[in-house]
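Colleague: I am new to this structure, so please take me through it slowly and tell me what each label rests on.

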Amino acid sequence: MAASITPSLRSALERLKHAGAVNGMLLCWRRQILINLLPYEEFRAERLLQTVHDARAHFASGGDRDVTTFWFGYEGVFVLALFQGECLLITLHTHASEVDFLRSVGLTFLDDTQLLVQALLQPSPDDETSRDETQRLSEPGVDGLPPQASGPTKVIPRHA
């Protein structure tokens with residue numbers, strides 16, 4: 001699944017990486033890395049992913065808390081981890097004042113990511129009925145003309 005998702009999300013994640021003072025980003029689905037834009041090796045990104053998931057499981061172990069956002073501060077760098085559905089976005093940034101902006105942008109990005117993942121996991125039914133009800137624009141109509149040209153044109157008069 002990661003191979004079919006990454007081309008469509010990589011450019012959006014690259015643009016998001018240039019928002020603010022971002023040093024790196026990691027996009028994950030469940031415990032699988034989809035896109036790694038961190039300045040670290042793959043095994044370090046994998047370890048960061050597992051650590052954030054373990055921290056979330058630790059706080060949710062009582063059953064009364066569902067943590068969706070983590071923000072850690074270290075010497076010279078901050079880590080923002082956002083959970084949305086089954087997706088996780090980890091952002092490394094250097095300015096603490098940008099955390100609210102990065103959080104809102106990251107959640108919007110994760111909403112779109114979750115929709116794409118859901119569409120890939122549960123594609124629309126491709127049965128005989130749906131193929132009969134829809135018509136491709138590239139195929140000619142019954143009279144041999146393109147679908148837009150077959151039949152009378154609907155004119156909507158402009159009234160003042």
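Colleague: Why is Phe70 called buried?

Modeller: Please keep in mind that this is a predicted model. Phe70 has a relative accessible area of 7%, and since buried means under 20%, Phe70 is counted as buried.

Colleague: How many aromatic pairs does a search of the whole structure find?

Modeller: The search finds 5 aromatic pairs.

Colleague: What makes the pair of Phe70 and Phe83 edge-to-face?

Modeller: The ring centres lie 6.4 Å apart, within the 6.5 Å that a pair requires, and the planes stand at 70°, which is over 60 degrees, so the pair is edge-to-face. It links distant parts of the chain, because Phe70 belongs to strand 3 (residues 69–74) and Phe83 to strand 4 (residues 77–84), 13 residues apart.

Colleague: How do you know whether Phe83 is buried or exposed?

Modeller: Its relative accessible area is 4%, and with the limit for buried set at under 20%, Phe83 is therefore buried.

Colleague: Why is the aromatic pair of Trp71 and Phe78 called stacked?

Modeller: The centres are 5.3 Å apart, within 6.5 Å, and the angle between the planes is 20°, under 30 degrees, so this pair counts as stacked. As for accessibility, Trp71 has a relative accessible area of 40%, which lies between 20% and 50% and therefore makes Trp71 partly exposed, whereas Phe78, at 18%, is under 20% and so is buried.

Colleague: Which residues do ring pairs link into a cluster?

Modeller: The cluster consists of Phe59, Phe70, Phe72, Tyr74 and Phe83.

Colleague: What makes you say that Arg56 lies over the face of Phe83?

Modeller: Arg56 is placed 4.2 Å from the ring centre, which is within the 6 Å limit, and because the label also requires a position within 35 degrees of the ring normal, Arg56 is counted as lying over the face of Phe83. Arg56 is found in helix 2 (residues 42–60), and at 18% relative accessibility, under the 20% limit, Arg56 therefore counts as buried.

Colleague: Why is the link between the side chains of Arg56 and Asp66 called a polar contact?

Modeller: The distance is 3.1 Å, and a polar contact needs a suitable pair of N or O atoms within 3.5 Å, so the label applies. Leaving aside neighbours within four places in sequence, Arg56 is also in contact with residues including Val67, Thr68 and Phe70.

Colleague: How do you know that His53 counts as buried?

Modeller: His53, placed in helix 2, has 13% relative accessibility, and this is under 20%, so His53 counts as buried. Apart from neighbours within four places in sequence, His53 is in contact with Arg30, Arg31, Phe83 and Leu88.

Key:
Residues are numbered from 1 along each chain as its sequence is written. This is a predicted model: local features need pLDDT of at least 70, side-chain atom pairs count only at pLDDT 80 or more; totals for chains, interfaces and linings use all residues. Side-chain values use heavy atoms; hydrogens and water are left out. Rings of Phe, Tyr and Trp (its six-membered ring) pair if their centres lie within 6.5 Å; planes under 30 degrees apart count as stacked, over 60 as edge-to-face and the rest as tilted. Helices (H or I, at least four residues) and strands (E, at least two) are DSSP runs, numbered from the N terminus. Buried means under 20% relative accessible area, exposed over 50%, partly exposed in between (1.4 Å probe, protein chains only). A polar contact is a pair of N or O atoms within 3.5 Å; within protein, one must be able to donate a hydrogen and the other to accept it, and residues adjacent in sequence count only if both atoms are side-chain atoms. Contact means heavy atoms within 4.5 Å.
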